[in-house]
Amino acid sequence: SYLGIPVSTTHCSVGGVIGVGLMETKGYRKVNWKLIGLVVLSWIITLPAAGGVSAGLYAAARASTRDQWFVPPADVVQDGGEYSYTCTGTALTQTCTYSWPTPVAAE
């Protein structure tokens, strides 16, 4: 925008609908207030709905990976070579042992 404030296409559309309605001969009576109300309601509903969907996806992902082991971090793997690891316990209290194969000497 001219002032450097970020605006969305929704802001522009709502501003246009209100502006055109106000410029008509009957002023505020020509504004489609039902449409403006629906847009404002959608703004209000969006944040809780997005939060609910995100919480649901997080809960589903968390439940589907319970008691599963994960790949060790890159600093443990070192140069990206082959390795093996053994873990005991649960996903919340795991103890893992990492090992790398011994290099074979060339003849």
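**Bend in α2.** I started with the kink: α2 bends by about 30 degrees at T46. I then looked downstream for a proline and found P48, which follows within four residues. I am reading all this off a predicted model.

**Span of α2.** Next I checked the end-to-end distance. The helix covers residues 33-64. With 32 residues at 1.5 Å each, α2 should span 46 Å, and its end C-alpha atoms do sit 46 Å apart, so the two figures agree.

**Confidence.** How far can I trust α2? Its mean pLDDT is 89, the highest in the protein. The lowest is in helix α3, residues 74-77, with a mean of 56. Where pLDDT is low, the predicted coordinates should not be read in detail, and I left α3 alone. For the protein as a whole I noted an average of 76, with 68% of the residues scoring at least 70.

**Surface patch.** I looked for nonpolar side chains on the outside. L38, V40, L41, W43, I44 and I45 make up a nonpolar surface patch, and together they have about 560 Å² of accessible area. I picked L41, which lies in α2, for a closer look. Its relative accessible area is 43%, so I logged L41 as partly exposed, between the 20% and 50% cut-offs.

**G21.** Buried or exposed? G21 is in helix α1, residues 9-23, and its relative accessibility is 4%, so it counts as buried, the limit being under 20%. I also took a distance from here: the C-alpha atoms of G21 and N32 are 7.1 Å apart, with their positions 11 residues apart along the chain.

**Overall layout.** I counted three helices and two strands, in the order α-α-α-β-β from the N terminus. Of the 107 residues in the protein, 8% are buried.

Technical notes: Residues numbered from 1 in each chain as written. Predicted model: local features only at pLDDT ≥ 70, side-chain atom pairs only at ≥ 80, totals over all residues. Heavy atoms only, no water. Patch = residues over 30% accessible without salt bridge, like charges linked within 9 Å, V, L, I, M, F, W, Y side chains within 5 Å. Areas by Shrake-Rupley, 256 points an atom, 1.4 Å probe, with all protein chains shown as cover. Salt bridge = Lys/Arg side-chain N within 4 Å of Asp/Glu carboxyl O. Buried < 20%, exposed > 50% of the residue type's maximum accessible area, 1.4 Å probe, protein only. Expected span 1.5 Å × (residues − 1). Bend = angle between axes of the 7 residues up to and from the residue. pLDDT = per-residue confidence, 0-100.
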